[in-house]
Amino acid sequence: MAAIEGLRIKNFKVLKDVALGRLWNQQKSQPLTPMTAVIGKNGVGKSALFDAFGFLADALKFGVEEACGMGGRGGFEKMRAQGQAGPVEFAIYYREQRNARPITYEVAIAADRLGRPYVLRERLRQRRRGQRHGQPFSFLLLADGSGEAWKGEQGGRQIDDQSDEEGKEVIELEDRRKLGIATLGALKQHPRIAAFRRFIEGWYLSYFTPDAARSLPLAGPQSRLNIHGDNLGNVVQFMEREHPEHFRDILKRIAEKIPGIGRIDTERTNDGRLLLRFNDRGFQDPFYAQQVSDGTLKLFAYLLLLEDPTPPRFLCIEEPENGLYHKLLEPLANEFREHAKARGGSQVFVTTHQPYFVNALEPQEVRILEKGADGFSTIRRASDDPIVNNMAEEGLPLGGLWYSDYLDAR
């Protein structure tokens with residue numbers, strides 16, 4: 001299962017220069033854990049960090065110009081860190097499999113004379129088999145839409161055994177506002193680029209909104225919840241159609257984890273829609289999704305997401321605590337962690353400002369985002385503080401330490 005080990009962001013909103021985990025030239029740094037939670041006060045950049053993943057996913061699907069205008073980003077100049085003239089840059093350090101050699105993807109986005117964003121630079125690179133030092137080999141290298149790419153088998157064996165000139169292909173993209181990985185990743189002769197493209201396409205970002213999930217979309221199955229969850233009914237249709245027996249087991253397990261719910265089942269309408277029914281232990285008649293509380297609906301959506309037979313490779317959730325009873329947060333955090341550590345589970349990345357959620361976490365799983373003296377964000381691991389580590393080892397919950405200001409900069 002592919003996993004992100006490190007990430008670096010430059011000039012994106014309040015993230016002037018922020019790095020998490022391990023990068024290719026920082027081998028002594030600790031990689032991101034299977035589950036990572038980013039905490040911090042309001043306004044320190046948690047939403048910007050969440051949106052960095054969203055921007056990359058949007059740029060792959062729609063192009064950088066469209067992505068700059070989506071999701072309230074307001075265009076390139078509003079998206080770029082205030083007062084900065086350089087490009088917006090992202091670097092992702094990841095492994096396709098647990099023991100595979102890591103791959104680094106780097107992309108820089110700038111604006112032309114008319115203010116239109118375009119891809120200034122783009123590179124995918126990986127050390128060859130047996131290479132321990134020096135610059136990794138770039139099997140995709142583009143500048144202003146032009147450059148070179150190397151054909152090769154996934155896993156790099158063909159590239160490992162050939163000279164730098166063998167397999168090289170001159171690239172000239174028709175539209176420099178499109179990512180090279182979007183175009184080349186659709187071609188059979190570039191399987192490793194295609195693998196990275198599929199990796200990003202497999203990301204799932206969630207800012208679940210109960211009101212959106214209560215809507216009644218048109219009938220039609222869909223395999224995965226969208227960012228706000230307004231296709232919950234479509235996902236239920238998909239699960240019942242494609243995995244009927246497994247889906248009944250899922251509903252039973254979820255019902256056991258939601259307080260007050262005795263059974264969850266479905267009802268088909270005349271127009272082909274599938275309605276969720278929540279059977280409350282205190283009432284004879286069931287409640288439909290449109291009638292249950294925000295917390296019940298949100299908890300159901302998250303648990304359904306974790307029960308996906310083909311889970312996303314990377315699961316990014318912003319503020320899962322909103323609308324949930326505080327005593328449900330620690331169990332929910334444990335559910336996320338168990339899923340992240342399970343074989344075939346998703347890597348989980350969460351932003352939160354709720355100490356009850358953090359109580360379930362360990363110091364190495366928590367990153368603290370803060371505002372620096374210049375107004376831009378800084379980030380550090382909770383486990384970098386020996387006092388925090390010692391207190392956690394003595395059994396003090398991490399959320400309680402955060403509430404008592406032990407995680408704040410001193």
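In this predicted model, the second largest cavity holds about 60 Å³ of space. Its walls are formed by S223, R224, L225, V235, M239, L304, L305 and D308, with α8 and α10 (294-306) as the elements that each give two or more residues to this lining. By class, five of the lining residues are nonpolar, one is polar and two are charged.

This space is one of three cavities of 30 Å³ or more in the structure. The largest cavity has a volume of about 150 Å³ and a lining of 15 residues, among which L216, G233, L274, L275 and Q290 lie nearest its centre. Two or more residues come from each of α8 (232-242) and β12 (274-280). Helix α8 has the largest share of this lining, with five residues. Nonpolar residues number nine here, alongside five polar residues and one charged residue. A reader tracing α8 through the model will thus meet this helix in the lining of the largest cavity and again in that of the second largest cavity.

Turning from cavities to open pockets, the largest pocket encloses about 760 Å³. It is lined by 24 residues, and those nearest its centre are A57, D58, W203, L205 and I227. At least two lining residues are supplied by each of α1 (46-62), α6 (191-201) and β10 (203-206), and α1 gives the most, with nine. The lining is a mix of 10 nonpolar, six polar and eight charged residues.

The second largest pocket has a volume of about 630 Å³. Its lining comprises 22 residues, and M1, A2, A3, P34 and R98 are the closest to its centre. Strand β1 (3-12) and helix α11 (329-341) each give two or more residues to this lining, with β1 giving the most, at three residues. Here the division is 10 nonpolar, seven polar and five charged residues.

The elements around these spaces belong to a chain with 14 helices and 17 strands. The C-alpha trace spans about 75 × 55 × 45 Å along its principal axes. For 410 residues, a compact globule would have a radius of gyration near 22 Å, so the 23 Å found for the chain agrees with that expectation.

Two sheets are worth following strand by strand. One is an open, antiparallel sheet of eight strands in the order β2-β1-β4-β5-β6-β7-β8-β9. Its edge strands, β2 (15-21) and β9, each pair on one side only. On average, neighbouring strands in this sheet are turned by 15° against each other, direction ignored. Strands β5 (residues 103-111) and β6 (residues 117-126) run antiparallel and are joined by nine bridges, with V107 standing opposite E122 in β6. Further along, four bridges join the antiparallel strands β7 (residues 137-143) and β8 (residues 146-150), and L141 has E148 in β8 as its bridge partner. Two residues lie between the strands of this β7 and β8 hairpin, where D144 takes a positive phi near 55°. Strand β8 is in turn joined by five bridges to β9 (residues 168-172), again antiparallel, and S146 stands opposite E172 in β9.

Two helices that line the largest pocket also lie across this eight-stranded sheet. Helix α1 crosses β1, β2, β4 (88-95) and β5, running at about 100° to β1. Helix α6 lies across β1, β4, β5, β6 and β7, and makes an angle of about 105° with β4.

The other sheet is also open, with six strands in the order β10-β14-β15-β3-β16-β17 and mixed pairing. Strands β10 and β17 (377-381) stand at the edges with a single partner strand each, so one side of each is left without a neighbour in the sheet. Neighbouring strands are turned on average by 15° against each other, direction ignored. Strand β16 (residues 366-371) pairs with β17 in the antiparallel sense over five bridges, and K371 stands opposite S377 in β17. Helix α11 packs on this sheet and touches β3 (35-39), β14 (314-318) and β15 (347-352), with its direction at about 140° to that of β3.

Key:
Residues numbered from 1 in each chain as written. Predicted model: local features only at pLDDT ≥ 70, side-chain atom pairs only at ≥ 80, totals over all residues. Heavy atoms only, no water. 1 Å grid on protein atoms, 1.4 Å probe; cavity = no way out; pocket = protein on both sides within 12 Å on 5 of 7 lines; lining within 4 Å. Points joined across faces, edges and corners; volume = space filled by probe spheres on them. Nonpolar A, V, L, I, M, F, W, Y, C, P; charged D, E, K, R; others polar. Pairing = 2+ DSSP bridges. Axes fitted to C-alpha atoms, helices over the stretch in contact; angles between N-to-C directions. Contact = heavy atoms within 4.5 Å. Rg over C-alpha atoms; globule rule 2.2 N^0.38 Å.
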